[in-house]
Amino acid sequence: MSFLRNLLIAALVLVAAAGGAFYYWANRPLSFATSPLDVTIRPHSSTRSVSEQLETGGVPLNHWLFELMARGLRMTTALKSGNYEFSNGVTPYQVLLKIARGDVNQFAVTIVEGWTFAHMRAELNVSPALEHDTASMSDAELLTAIGVPETQAEGLFFPDTYLFDKGESDLSVFKRAYKEGHDRLAQAWAARAPDLAFQTPYEALIMASLVEKETGVKADRSLVSAVFSNRLKKGMPLQTDPSVIYGMGAAYDGHLHKHDLQTDTPYNTYMHPGLPPTPIALPGMPSLMAAVNPAQSNALYFVSRGDGHSEFSESLGEHNRAVDKYIRGKQ
């Protein structure tokens, strides 16, 4: 009996010692060769594979103990893929919790209202955290790759900030931006005013892009929309400079000259009546709403005041006086 009792005590001591050692290992601060450290866990990885990926990535773990800890805490099926960032001082237990919670290291790209699609593509192309699967694609090929029916990309992608995991394909960002643009346009179209000067959501998108490029002042957006709508209803050319500039492409040198207004492109709204053939930029929600809800105004002209706002006029005479005042400096 004495022998069995001593054996049991010894076993309990060994278990307690092992438990203490395991607790010490699970809660000891780790140190990395570089900090912070990025490690990517592949999708559908087993617990053993996760621990091995951590070790290979520079996290000094004993993968046997890590797997034992995950099993003991019933977290083997909770581990999530993605890119994780670890800093010096984190413990093996905290590493496990981070991966179980899916606290992935996310990056962000911001697409600004009024950018062109080419500008959006350039912004995504310089992100070092993205996988650049679209880099060699044309715009049309990109649209095909994300599975959408349109053949012209301009205006279809909503300007916003998009989060993504390190190593994520840029196709994923394009897909989300397209869906957001599609949904926002549908939302605006559903809230449209009656008797608009155009008939389709795509035409509303074109109008919104013109409004976006003409003014960044919230109070002026619906008035700019009203001017364009009134001109469309009267059969007057829109005569909007941003559309002309868009049609010039790389030929635009930062200044719009008289001969530019006389150069024929599909986007020259001095020479061609109606809306341009496509949007000229990526419009935000305020411009979308202004496009489908123009102000109640008879204005047919506007000119910049030089302070961000515009002066709106109903007649050519009023407009000429406004041009003299704000552009030519005459009182």
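**Local features of the predicted model**

His63 is buried, its relative accessible area being 18%, a value that falls under the 20% limit for that class. The structure described here is a predicted model. His63 belongs to helix H3, which spans residues 63–72. Two polar contacts of the His63 side chain were computed. One is made with the side chain of Glu55, at 2.9 Å, and another with the side chain of Trp64, at 3.2 Å. When residues up to four places away in sequence are left aside, His63 touches Arg48, Ser51 and Glu55.

Helix H2 comprises residues 47–56. Its buried residues are Thr47, Ser49, Val50, Ser51, Gln53 and Leu54. Ser51 thus appears both among the buried residues of H2 and among the residues touched by His63. The elements that cover the buried residues of H2 include E1, H3, E2 and helix H4, the last of these at 92–101. Just after H2, a positive phi of about 110° is found at Gly58.

Backbone geometry was examined next. Most residues other than glycine have a negative phi, and most peptide bonds are trans. Arg74, which is not a glycine, has a positive phi of about 55°. Arg74 is placed in the loop that runs between helix H3 and strand E2 (82–86). Because its relative accessibility is 75%, Arg74 counts as exposed. Asp195, likewise not a glycine, has a positive phi of about 60°. The loop that holds Asp195 lies between helix H7 (170–190) and helix H8 (201–214). With a relative accessible area of 64%, Asp195 is exposed, the threshold for this class being over 50%. A cis peptide bond, with omega of about 0°, joins Ser35 to Pro36. Pro36 is located in the loop between helix H1 (2–27) and strand E1 (37–41).

Aromatic contacts were also computed. A pair of aromatic rings is described by the distance of the centres and the angle of the planes. The structure holds 10 aromatic pairs. In the pair formed by Tyr84 and Phe86, the ring centres are 6.3 Å apart and the planes meet at 15°, so this pair is stacked; the angle is under the 30 degrees required for that label. Both partners are buried: Tyr84 has a relative accessible area of 0%, and Phe86 has a relative accessibility of 1%. Elsewhere in the sequence, Phe117, Phe157, Phe174 and Tyr178 are linked into a cluster by ring pairs.

The largest pocket has a volume of about 470 Å³. It is lined by 20 residues, of which Gln239, Asp241, Tyr270, Phe302 and His319 are the closest to the pocket centre. At least two lining residues are supplied by each of helix H9 (218–234), helix H10 (241–248), strand E5 (301–304) and helix H13 (316–326). Strand E5 gives the largest share of the lining, with 4 residues. Grouped by class, the lining consists of 12 nonpolar, 4 polar and 4 charged residues.

Technical notes
Residues are numbered from 1 along each chain as its sequence is written. This is a predicted model: local features need pLDDT of at least 70, side-chain atom pairs count only at pLDDT 80 or more; totals for chains, interfaces and linings use all residues. Side-chain values use heavy atoms; hydrogens and water are left out. On a 1 Å grid over the protein atoms alone, a cavity is a set of points where a 1.4 Å probe fits but cannot get out, and a pocket is an open set with protein on both sides within 12 Å along at least five of seven lines; lining residues have an atom within 4 Å of a point. Grid points are joined across faces, edges and corners, and a volume is the space filled by probe spheres set on the points. Ala, Val, Leu, Ile, Met, Phe, Trp, Tyr, Cys and Pro count as nonpolar, Asp, Glu, Lys and Arg as charged, and the others, Gly among them, as polar. Buried means under 20% relative accessible area, exposed over 50%, partly exposed in between (1.4 Å probe, protein chains only). A polar contact is a pair of N or O atoms within 3.5 Å; within protein, one must be able to donate a hydrogen and the other to accept it, and residues adjacent in sequence count only if both atoms are side-chain atoms. Contact means heavy atoms within 4.5 Å. Rings of Phe, Tyr and Trp (its six-membered ring) pair if their centres lie within 6.5 Å; planes under 30 degrees apart count as stacked, over 60 as edge-to-face and the rest as tilted.
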